[in-house]
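Please open the structure in your viewer and keep the selection tool at hand. The tour below goes from stop to stop, saying at each one what to select and what is found there.

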Amino acid sequence: MAAVLRSACRCVFRPALYRRLKMQGMCTAPSRSGLDKLSFDNVALRRLPLDTSDEQGSRIVRGACFSRVRPQPVLGPRLVALSSPALSMLGLDADAVRQDPLAPEYLSGSRLLPGSEPAAHCYCGHQFGQFAGQLGDGAVCYLGEVRAPSALGVGVPNPTGRWEIQLKGSGLTPYSRHADGRKVLRSSVREFLASEALFHLGIPTTRAGSCVTSDSRVLRDVNYDGHVSNERCTVVLRIAPSFIRFGSFEIFKAEDEMTGRQGPSAAFDDLRTQLLDYVIDTFYPELQQAHPDDRVQRNSAFFREVVQRTARLVALWQCMGFCHGVLNTDNMSILGLTIDYGPYGFMDRFDPDFICNASDAGGRYSYRAQPSVCRWNLLKLAEALVPDLPLEVSRAVLEEFDAEFDGCYLTIMRTKLGLLRQQVPEDKTLVTELLETMHNTGADFTNTFRLLCGISHSCLGDTDEDVLQKILNQCASLEELKVAHRPRMEPRELSMMLTLAQANPVLFQFLNSRKPVMQELERVERYRELSQQSESDYLDKQRALWVKWLDKYRNRLSMEVEGATDIEALATERLNIMKSSNPRVVLRNYIAQNAIDAAERGDYSEVNRVLRVLEQPFSDEVDILDDICSTDRTVDESAEQMASEGTAEEGCPSRAFVSYDSKPPSWAVELCVT
């Protein structure tokens, strides 16, 4: 009888019958969105060794790149948001998915997609400069590789004809260590929005197709200060050609001299070669074709491509004011993608020492440090490829990183400034002096570049005076800069460090104290200078600095029209290119936090509204006013009820809702992301 009923349900979907049979566990409904029709071709699991052990709990996995896992269901899964462009990469229609009652179950891992083969990836990593040993997908589940209708969608070539899809936050794996394999609404909204935001800014990145929350809950200490909260388990669908990273090759690392740790597959040299062959064959087939008989040349060409992609990626980050926050080797893509969004941040006020990760006390992953850290990570990758690629060969290739980064960075900056027709050596100085002016006046990074679109080629006129005033309005007040440069060390602590530097320079250097002490001395001096200024003197100095730089900028712009017959057409072209290179809006932390606060009250409309804005970051046409009274609300009634009963986090009433392209509100500087 049961077999007959299941057959009937597969042929004709009868909602009433389905509900009755589902309660008895006898029937599965067809998906209305095509999720159950995705065509999988899971090449990675066929080409790479797979751990099929049934052993439960965290463990060391030897001789394998993946481990079989099974996503753990959540209670009451429901959609928070969908990315239509990302889902279209899989041939899915977001509206159909939104109407599909089974979609939340599929997209949370509560129901397995037909053809998927859930697994977790094994990798190691250098974290904050120290080898951490085995890490792996502790909260991520590889579902498989979906045959793709399009090869476009992440900002780098995808020659495979497939997209790997993952569920982040789907439960325990052998790599969960002491964690629970879950992610929460707060971090999931940030990852979902950032993945889409960077793509639409033109930065190579993994994508996010969906964000699904639930009634399942886990305890989290948000700021690691002993204040625990009960948060909703939430799952993000991630999409990329592959999530293989630098750390994937570090599972073969021999014992580390500093930490004594080693990779779980330290003696498996053949496996490293197998992984390298797979990566090159699959994602860099042109290199295999170009060097069919010379493995060292092929591997060298592969490493050069990774170096170049990484240099171009970090150049884009720097030019958009983006800080990743946790640039460990396990968070570096072998394809040159931005992956693993945690405590990232876009700069508001320009600060070369901007640190977005509150856990990064030493500033290892600060904005200024990102290029050098990426280069260091590439060196760790080079070491992990020995002996398939001799270290002397990879070191020579790595020397090309700085030139690639500098060239890409300056090219992007020229475009952002509308310097399109000529390239002169003084352009580098012009960019450097712009950033110094922004730093000294506390100017907003994103808004300043956008406002420069309004500067003309001619001498200072009414239009330029208006732009100048708008730029000054984006600058920090005297009090805001004093707060930003307030010394972080106690005077006694700083004095002790300086005494140590004089008495025992070797120990001082070993403790890696030089950089933070020098930065603290600069901070002390800057704070002293600001404290001696009056508000009017400070504003006069701000204005003088900007007038000086803008005069140099206009002189450089005048070179762009030399010999031109149609200056008006050139001005129009320049304006269009600048506006398409300088976003009107980026995913600032306060924008993400407003969306999170609303979502935790059960209102998902803010997440979706922010997503719509981020999909057109360069447009003047998109309504980017964050309106708390919006009628376009997607309300989770159960979450709203819990919020009214005090069991869900309430939104902070002091957080005023403002236009997303305006100067950030004062409370934005108080946000702490770890």
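Begin by selecting Leu 92 in this predicted model, and show with it Ser 33, Gly 34, Leu 35, Leu 38, Leu 87 and Val 97, which Leu 92 touches when residues up to four places away in sequence are not counted. Leu 92 sits in the loop between helix H4 (84-88) and helix H5 (94-99). Is this loop residue buried or exposed? Leu 92 has a relative accessible area of 7%, and because the cut-off for buried is under 20%, Leu 92 counts as buried. Add Pro 149 to the selection: this residue is 57 residues from Leu 92 along the chain, and the two C-alpha atoms are separated by 9.9 Å.

Now zoom out to the whole protein, which has 25 helices and 13 strands. Of its 674 residues, 55% are buried, and among the contacts with a separation of 6 or more, 73% are between residues 24 or more positions apart.

Next, select Trp 546, Tyr 553 and Leu 587, the residues that touch the most other members of the largest nonpolar core, a set of 167 residues. If you then colour helix H10 (residues 295-320), you will have marked the element that gives the most to this core, with 13 residues. Staying with Leu 587, and again leaving out residues up to four places away in sequence, you can display its contacts with Leu 193, Ala 194, Ala 197, Tyr 344, Phe 346, Ala 592, Val 610 and Leu 614. A second core, separate from the largest one, has five residues, among them Ala 476, Leu 481, Leu 530 and Tyr 538.

From Leu 587, move to its contact Ala 592, one of the buried residues of helix H23. How many of the twelve residues of H23 (residues 589-600) are buried? Twelve of the twelve are, so the helix is largely enclosed by the rest of the structure. To see what covers these buried residues, show helix H7 (185-200), strand E11 (228-240), strand E13 (345-346) and helix H24 (605-614), which are included in that cover. A ruler placed on the end C-alpha atoms of H23 should read 16 Å, which agrees with the 16 Å span expected at 1.5 Å a residue. Just after H23, look for Gly 602, which takes a positive phi of about 95°.

The next selection is helix H21 (residues 535-560), where Asn 555 is found. The end C-alpha atoms of H21 are 38 Å apart, in agreement with the 38 Å that its 26 residues should span at 1.5 Å a residue. Its buried residues include Tyr 538, Trp 546 and Tyr 553, whereas Asn 555, at 44% relative accessibility, counts as partly exposed. Add His 457 here, as its C-alpha atom is 7.7 Å from that of Asn 555 although the two are 98 residues apart in sequence.

For the last stop, select helix H13 (residues 401-416) together with helix H14 (residues 426-441), whose axes come within 10 Å and cross at roughly 75°. That angle makes H13 roughly perpendicular to H14. On the H13 side, show Tyr 409, Leu 410, Met 413 and Arg 414, which meet Asp 427, Lys 428, Val 431 and Leu 435 of H14. Coloured by class, this contact has five nonpolar, three charged and no polar residues.

Definitions and conventions:
Residues numbered from 1 in each chain as written. Predicted model: local features only at pLDDT ≥ 70, side-chain atom pairs only at ≥ 80, totals over all residues. Heavy atoms only, no water. Axes fitted to C-alpha atoms, helices over the stretch in contact; angles between N-to-C directions. Helix = DSSP H or I, 4+ residues; strand = E, 2+ residues; numbered from the N terminus. Parallel < 35°, antiparallel > 145°, perpendicular 65-115°, else oblique. Contact = heavy atoms within 4.5 Å. Nonpolar A, V, L, I, M, F, W, Y, C, P; charged D, E, K, R; others polar. Core = buried A, V, L, I, M, F, W, Y, C linked by side-chain atoms within 4.5 Å. Buried < 20%, exposed > 50% of the residue type's maximum accessible area, 1.4 Å probe, protein only. Expected span 1.5 Å × (residues − 1).
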